[in-house]
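The exercises below introduce a molecular structure to a reader who meets it for the first time. Please inspect the sequence and the structure, then work through each task with its solution.

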Amino acid sequence: MMSTSTGLRVLVADLVKRPGAARSLQIDDHLGPLVVGEVELDDDGRVALDLHLERIAEGIVVRGTLGATWSGRCARCLGPVAGTLEVAVDELYEREPLEGETYQLDIDSIDLEPLTRDALGLEMPLAPLCRTDCAGLCPNCGIDRNVAVCTCQPDESDSRWAGLSNVRFDDDTSSDSSADFPATD
Ligand SMILES: [Zn+2]
Ligand SMILES: [Zn+2]
């Protein structure tokens with residue numbers, strides 16, 4: 001009989017009964033929302049699992065790859081950015097799992113959801129870029145420097161106050177001059 005699965009919970013009675021037994025398992029399913037910072041998995045956490053399950057003395061080893069796609073916002077310019085994940089896994093399911101190290105082998109099934117969430121979550125980019133040389137937003141005026149040029153001084157010092165020398169105090173359109181002073185943040 002081929003593998004039987006309900007979502008990401010997989011029946012493994014056949015493996016539990018036969019030490020040394022192994023089989024492959026492919027699943028294409030939805031994990032549910034998975035968000036890390038400004039990045040989230042697409043399509044309600046759609047994941048493709050291509051795994052090899054093997055019964056060993058300690059439990060069941062799950063090896064293979066997890067695939068998913070994500071989208072989010074560029075850390076520099078806040079524009080849309082997207083990518084794919086292809087994550088290799090090699091984990092043990094056992095009767096008495098070690099917190100943070102192995103996963104729970106239930107009576108006759110294993111739940112691949114925690115493994116999948118852990119593995120994909122770790123690989124999702126914390127600060128994705130729309131392209132490696134994204135120029136980002138001007139820290140002074142906020143213009144998107146990928147598509148426009150502003151008159152601010154170049155941010156050579158990488159200081160948030162780099163634009164200070166460009167601040168004009170003779171702007172009489174402002175009713176409250178202190179509001180324009182960057183140091184008030
Ligand atoms: Zn960008
Ligand atoms: Zn600017």
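**Exercise 1. Confidence and overall layout**

In the chain, confidence is lowest in strand β1 (residues 5–6), at a mean of 46, and highest in β9, at 98. This confidence is the pLDDT, which the predictor gives to each residue on a scale from 0 to 100. The model is predicted, so local features need pLDDT of at least 70 and side-chain atom pairs count only at pLDDT 80 or more, whereas totals for chains, interfaces and linings use all residues. Residues are numbered from 1 along each chain as its sequence is written, and chains are lettered from A and ligands numbered from 1 in the order in which they are written.

Task: state how many helices and strands the chain has, and what average pLDDT it reaches.

Solution.
- Step 1. The chain holds two helices and ten strands; these are DSSP runs numbered from the N terminus, with at least four residues of H or I for a helix and at least two of E for a strand.
- Step 2. Along the sequence, their pattern reads β-β-α-β-β-β-β-β-β-β-β-α.
- Step 3. The average pLDDT of the chain is 86, and 79% of the residues score at least 70.
- Step 4. Over residues 1–6 the pLDDT stays under 50, and the model has seven contacts beyond four places in sequence for them. A contact joins two residues whose C-beta atoms, placed from the backbone, lie within 7 Å.
- Step 5. Of the contacts in the chain with a separation of 6 or more, 51% join residues 24 or more positions apart.

**Exercise 2. Strand pairing around β7**

Task: determine which strands pair with β7, and in which sense.

Solution.
- Step 1. Two strands pair if DSSP finds at least two bridges between them.
- Step 2. β5 and β7 are paired in the antiparallel sense over three bridges, and V39 stands opposite G72 in β7.
- Step 3. β6 and β7 are also paired in the antiparallel sense, over nine bridges. They form a hairpin with two residues between them, and I56 has G59 in β7 as its bridge partner.
- Step 4. β7 and β8 are antiparallel over 15 bridges, with W70 opposite G83 in β8. The hairpin of β7 and β8 has six residues between the strands, and L78 in its turn has a positive phi of about 65°.

**Exercise 3. Helix α2 and the nonpolar core**

Task: identify the buried residues of α2 and explain why they lie on the same side of the helix.

Solution.
- Step 1. A residue is buried if 20 or more other C-beta atoms lie within 10 Å of its own, exposed if 12 or fewer, and partly exposed in between, with C-beta atoms placed from the backbone.
- Step 2. In α2 (residues 113–123), the buried residues are L115, T116, A119 and L120. They lie on the same side of α2 because they cover an arc of only 110° around the axis; the arc is that of the directions from the helix axis to the C-beta atoms.
- Step 3. These buried residues pack against β5 (39–41), β6 (46–56), β7 (59–73), β8 (80–94) and β9 (103–104).

Task: find which members of the largest nonpolar core touch the most other members.

Solution.
- Step 1. A nonpolar core is a set of buried Ala, Val, Leu, Ile, Met, Phe, Trp, Tyr and Cys residues joined through C-beta atoms within 7 Å.
- Step 2. The largest such core has 25 residues, of which I60 and I110 touch the most other members. β5, β6, β7 and α2 each supply at least two residues of this core, and β7 gives the most, with five.
- Step 3. Not counting residues up to four places away in sequence, I60 touches V12, L15, L53, E54, R55, Y93, L105 and I110.
- Step 4. For the chain as a whole, 19% of the 185 residues count as buried.

**Exercise 4. Individual residues**

Task: decide whether D43 and D44 are buried or exposed.

Solution.
- Step 1. D43 is in the loop between β5 and β6, and D44 is in the loop between β5 and β6.
- Step 2. D43 has a positive phi of about 55° although it is not a glycine; D44, not a glycine either, has a positive phi of about 55°.
- Step 3. D43 counts as exposed because it has 11 C-beta neighbours inside 10 Å. D44 is exposed, with 12 other C-beta atoms within 10 Å.

Task: describe the surroundings of A135.

Solution.
- Step 1. A135 is in the segment after α2 and is partly exposed, with 14 other C-beta atoms within 10 Å.
- Step 2. Apart from neighbours within four places in sequence, A135 is in contact with R145 and N146.
- Step 3. A135 and N146 are eleven residues apart along the chain, and their C-alpha atoms are separated by 5.5 Å.
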